[in-house]
Amino acid sequence: MKLNAVSLGVFLVGLCFAGEALAVFPPARCRQPRERRAFDAGVRSGASLVESAWNAVNDCDQVERFADLVMNNLDSIEIPRESSDYVLCRVAGIVQGAEEVVDHTWNRCDWECRKEGELMARIGGKLYCDLSISLGGLGLASDIIRLPVRTCGLAFQIGCDAEFIGYTQNYPMCGTFTRDPFTPVWNQTRNNQCVYNPAP
């Protein structure tokens with residue numbers, strides 16, 4: 001019997017093999033020494049499958065492709081009928097090892113992209129405040145339209161927007177230029193500063 005990766009988790013839940021997925025703890029049926037070795041080997045194998053998928057992509061803007069590669073790797077897993085606990089524990093380990101690395105990769109991408117957005121916000125926020133204070137306010141420019149973005153771009157823009165607002169509101173003598181009548185130019189500057197431009 002071959003199970004695709006989507007149904008694999010459901011299958012293992014039915015066998016009481018899941019429920020502690022991201023913690024990477026062996027299920028109850030996998031705690032005897034032989035089954036535990038199978039589970040641990042599965043964890044390493046599952047982690048390796050996901051790491052190889054990430055190494056092929058290595059780009060937070062390409063998480064959809066990464067997800068496809070992960071699923072293609074997991075689709076090769078086969079569970080023969082009436083498999084022993086040893087085999088099932090290995091498969092349970094593969095699933096948990098894969099989930100752990102996927103979770104880590106997603107979190108890393110979110111963190112890195114968000115931090116880049118926050119840095120861009122501080123750079124643009126400082127310039128906005130310094131010029132506004134020096135000139136007594138800025139005029140409106142042209143809006144930059146935000147196009148649809150992927151995972152990294154979304155994290156970048158969310159981090160940038162929040163940081164720009166907080167940074168400029170707390171910048172010495174800049175608070176005035178974040179409120180009416182300067183709100184439109186302040187919002188436009190934030191929007192334009194926080195547009196995500198992925199590397200070519």
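In which helix is the place of Q188? In this predicted model, Q188 is found in helix α6. With a relative accessibility of 8%, below the 20% limit that defines burial, Q188 counts as buried. Leaving aside residues up to four places away in sequence, Q188 makes contact with L140, A141, S142 and D143. The sections below place this residue within the chain as a whole and then turn to the disulfides, to helix α5 and to the surface.

The chain contains six helices and zero strands. Read from the N terminus, the order of elements is accordingly α-α-α-α-α-α. Of the 200 residues in the chain, 38% are buried. Among contacts with a separation of 6 or more, 77% are accounted for by residues 24 or more positions apart. The area exposed by the chain is about 11300 Å², of which carbon and sulfur atoms supply 56%.

A disulfide is a covalent bond between the sulfur atoms of two cysteines. Five disulfides were found in a search of the whole structure. When the bonded cysteines are counted along the chain, the disulfides follow the pattern 1-3, 2-4, 5-7, 6-9, 8-10. Three of the links are described here in turn.

One disulfide connects C60 with C109, with an S to S distance of 2.1 Å. The link of C60 and C109 is left-handed, with -85 degrees about the S-S bond. C60 is located in the loop between α2 (33–57) and α3 (63–74), whereas C109 belongs to helix α4, so the pair ties together parts that are 49 residues apart in sequence. Both C60 and C109 are buried.

A further disulfide joins C113 to C152, with an S to S distance of 1.9 Å. The torsion about the S-S bond of C113 and C152 is about -105 degrees, so this disulfide is left-handed. Because C113 lies in helix α4 and C152 in helix α5 (residues 151–170), the pair ties together parts that are 39 residues apart in sequence. C113 counts as buried at 4% relative accessibility, and C152 is likewise buried, with a relative accessible area of 7%.

The sulfur atoms of C160 and C194 are 2.0 Å apart and form a disulfide. The torsion about the S-S bond is -75 degrees, and the link of C160 and C194 is left-handed. Distant parts of the chain are linked by this pair, with C160 in helix α5 and C194 in the segment after α6 (183–193), 34 residues apart. C160 has a relative accessible area of 0% and is therefore buried. C194, at 0% relative accessibility, also counts as buried.

Helix α5 thus carries one cysteine of the C113 and C152 pair and one of the C160 and C194 pair. This helix has 20 residues and reaches 29 Å from its first C-alpha to its last, close to the 28 Å expected at 1.5 Å a residue. The buried residues of α5 are C152, G153, A155, F156, Q157, G159, C160, D161, F164 and T168. These buried residues pack against α4 and α6.

On the α4 side, A121 offers a detailed view of contacts with residues of α5. A121 lies in helix α4 and is buried, because its relative accessible area of 0% is under the 20% limit. With residues up to four places away in sequence not counted, A121 touches C160, E163 and F164. Of these contacts, C160 and F164 are among the buried residues of α5. The C-alpha atoms of A121 and F156 are separated by 9.8 Å, although the two residues are 35 residues apart along the chain.

Helix α4 also contributes to the surface. L119 lies in this helix, which spans residues 85–135. L119 has a relative accessibility of 43% and so counts as partly exposed, since this value falls between the 20% limit for buried residues and the 50% limit for exposed ones. Together with M120 and I123, L119 forms a nonpolar patch on the surface. The accessible area of L119, M120 and I123 together is about 260 Å². Helix α4 therefore holds both L119, partly exposed at 43% relative accessibility, and A121, buried with a relative accessible area of 0%.

Methods: Residues numbered from 1 in each chain as written. Predicted model: local features only at pLDDT ≥ 70, side-chain atom pairs only at ≥ 80, totals over all residues. Heavy atoms only, no water. Patch = residues over 30% accessible without salt bridge, like charges linked within 9 Å, V, L, I, M, F, W, Y side chains within 5 Å. Areas by Shrake-Rupley, 256 points an atom, 1.4 Å probe, with all protein chains shown as cover. Salt bridge = Lys/Arg side-chain N within 4 Å of Asp/Glu carboxyl O. Helix = DSSP H or I, 4+ residues; strand = E, 2+ residues; numbered from the N terminus. Buried < 20%, exposed > 50% of the residue type's maximum accessible area, 1.4 Å probe, protein only. Contact = heavy atoms within 4.5 Å. Disulfide = S-S within 2.5 Å. Expected span 1.5 Å × (residues − 1).
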